[in-house]
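Please work through the following exercises with the sequence and the model open beside you, and try each task before reading its solution.

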Amino acid sequence: MRDDLIRVAHFNAAYADCIDHDELERLSAFFTDDCHYKITTWDNWRAGYPAGIVYLRGTGMLRDRISAMRNANVFEPHRYRHMLGLPSHVLREGNGLTARTPFSVFRIMQDGTTALFATGEYIDRFTEGGEHDLQLSERLVVCDSARMDTLLVIPL
Amino acid sequence: MRDDLIRVAHFNAAYADCIDHDELERLSAFFTDDCHYKITTWDNWRAGYPAGIVYLRGTGMLRDRISAMRNANVFEPHRYRHMLGLPSHVLREGNGLTARTPFSVFRIMQDGTTALFATGEYIDRFTEGGEHDLQLSERLVVCDSARMDTLLVIPL
Amino acid sequence: MRDDLIRVAHFNAAYADCIDHDELERLSAFFTDDCHYKITTWDNWRAGYPAGIVYLRGTGMLRDRISAMRNANVFEPHRYRHMLGLPSHVLREGNGLTARTPFSVFRIMQDGTTALFATGEYIDRFTEGGEHDLQLSERLVVCDSARMDTLLVIPL
């Protein structure tokens, strides 16, 4: 089990590095083709509501969103810095793994202003394989606060 | 030694998850029956003073405190999000382990306001066994700042 | 590779502990004698500019700087609390390792005021050996924000 913990932590470090280095075109390699990627709030998740903020199905939608961000959306340039904890509840399930991992994300605006952007946790389902050793078949991003900034362009 | 580091980190991830998911009734499983749980400040700790903010002896007192929190105390509802570092100074001592682990804790109020609540480190003494593989015979929570919010209800 | 990841993470936890416990006289043990220690900003690093904020060459300069801090510099007393992520891009290169590791650093002033001081990442080159199992032949501290506080006395 501890070996799987390290595998998931290793995967997550590469995932965060990919986003924080603005290499979003490589992000789909962390997901299965028919993945679910959702962003919701803690209260919604606890109440059993479906994801309320973002819902992407499949890497095609993920790529579309990143492409829109690159080409169409108008927003103030910014970057993220992910700080991740170690996963807990790492369990084998079928030919994959489930785990949940706490995160905090700081946002750096172009003028250098840095602030806490979000805290929460990833609730994940992984399958074996892919260039990062594991692939997300589902990543549910549960944000602790319902006060989400409207400037949610870059994936968490 | 690196194996013990992973064991302690694994334990700490489960401990933080237990608190942040508000499953405090399960918290005593992380401690030995006659544990010491203390909260103090960096300055007090460095000066060799006894713990000044919270001192619980045994899981009975821990359960009492949680029960009081659930039933008696009146406070504005809030949650924590723990972000933990890896332990350092992981050493075998007798039939147990000692370690220290840096933490930062963010607090989420019911209206969604999120702020840094505390930083510091756990200075720990573990014994072997229990449902989490290790058990705390002593956890000294050393908070970096002496400016502690009076709203210290949930264990750190 | 996962074993090297743990080695680097273990090293980094000890490095952060050394600084946060104000044991800076022990810091040179984490570096090779002819190390490069640099602090720069994300924008400068991405543009390929040389390190702009701090550049120390060799543990002699590192010791001088710490000695100056202890004896000569006048500044408001403060401490850091490092929160580090796991390294990514851990690769073997020659008889050493390269890696990069995200960090956030909180600063605690003497009156207890605590605030986020910097986020960024270490871009490192390690050689084998030394009392911490690895030694930094190069640590490039890339700070996300160009808005660095002028009070940069303690090494990051």
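Two strands count as paired if DSSP finds at least two bridges between them. The model used in these exercises is a predicted one.

**Exercise 1. Strand pairing in chain B**

Task: Find how many bridges join S5(B) to S6(B), and which residue of S6(B) is the bridge partner of Pro102(B).

Solution. Begin by locating the two strands, since S5 of chain B covers residues 96-109 and S6 of chain B covers residues 114-128. Following them side by side, you will see that they run antiparallel and are joined by 13 bridges. Next, place Pro102(B) and look across to S6(B), where its bridge partner is Glu121(B). Finally, examine the hairpin that these two strands form, which has four residues between the strands and in which Gly112(B) takes a positive phi near 100°.

Task: Continue to S7(B) and state in which sense, parallel or antiparallel, S6(B) pairs with it.

Solution. Strand S7 of chain B spans residues 134-143, and its pairing with S6(B) is antiparallel, with nine bridges. As one example of residues facing each other across this pair, Leu136(B) in S7(B) stands opposite Phe126(B). The hairpin of S6(B) and S7(B) has five residues between the strands, and within this hairpin Gly129(B) takes a positive phi near 110°.

**Exercise 2. How the chains are related**

Two copies of a chain are related by a rotation about an axis and a shift along it.

Task: Determine what turn and what shift lay chain C on chain B, and name the kind of axis that this relation describes.

Solution. When chain C is laid on chain B, the turn is 120°, the shift along the axis is 0.0 Å, and the RMSD is 0.0 Å. That is the relation of a three-fold axis. To find where chain C approaches this axis, look for the C-alpha nearest to it, which belongs to Gly85(C) and lies 4.2 Å away.

As a second step, repeat the procedure for chain B on chain A, where a turn of 120° and a shift of 0.0 Å along the axis again give an RMSD of 0.0 Å. Of the residues of chain B, Gly85(B) comes closest to the rotation axis, with its C-alpha at 4.2 Å.

**Exercise 3. The interface of chain C and chain B**

Task: Explain why chain C and chain B are said to meet through different surfaces.

Solution. Compare the interface residues of the two copies: only 18% of those of chain C are also interface residues in chain B, so the copies meet through different surfaces. Counting the contact residues on each side gives 22 from chain C and 26 from chain B.

Task: State how much area is buried between chain C and chain B, and which three residues of chain C supply more of it than any other three.

Solution. The buried area is about 1900 Å², and carbon and sulfur atoms give 58% of it. Within the area that chain C buries against chain B, His21(C), Arg81(C) and Met83(C) supply 29%, more than any other three residues.

Task: Count the salt bridges between chain C and chain B, and work out which element gives the largest share of the side of chain C that touches chain B.

Solution. There are seven salt bridges between these chains, among them the one in which the side chains of Arg81(C) and Glu121(B) meet, at 2.9 Å from N to O. In addition, eleven residue pairs are in polar contact. On the side of chain C that touches chain B, helix H1 (2-20), strand S3 (78-84) and strand S5 (96-109) of chain C each supply at least two residues, and H1(C) gives the largest share, nine residues. Sorted by class, this side of chain C has eight nonpolar, six polar and eight charged residues.

**Exercise 4. Salt bridges elsewhere**

Task: Find the residue of chain A that forms a salt bridge with Asp111(B), and then explain how Asp4(B) and Arg7(B) are placed along their helix.

Solution. Across the interface of chain B and chain A there are seven salt bridges, and one of them links Asp111(B) with Arg147(A), the closest N and O atoms being 3.5 Å apart. Now turn to a pair inside chain B, where Asp4(B) and Arg7(B) form a salt bridge whose closest N and O atoms are 3.4 Å apart. Because these two residues are three apart in helix H1 of chain B, Asp4(B) and Arg7(B) are separated by about one helical turn. Over all chains, the count comes to 56 salt bridges.

Technical notes
Residues are numbered from 1 along each chain as its sequence is written. Chains are lettered from A and ligands numbered from 1 in the order in which they are written. This is a predicted model: local features need pLDDT of at least 70, side-chain atom pairs count only at pLDDT 80 or more; totals for chains, interfaces and linings use all residues. Side-chain values use heavy atoms; hydrogens and water are left out. Copies are superposed by least squares on the C-alpha atoms of residues with pLDDT of at least 70 in both. Contact means heavy atoms within 4.5 Å. Buried area is the accessible area (1.4 Å probe) that two parts lose on being put together, summed over both. A salt bridge is a side-chain nitrogen of Lys or Arg within 4 Å of a carboxyl oxygen of Asp or Glu. A polar contact is a pair of N or O atoms within 3.5 Å; within protein, one must be able to donate a hydrogen and the other to accept it, and residues adjacent in sequence count only if both atoms are side-chain atoms. Ala, Val, Leu, Ile, Met, Phe, Trp, Tyr, Cys and Pro count as nonpolar, Asp, Glu, Lys and Arg as charged, and the others, Gly among them, as polar.
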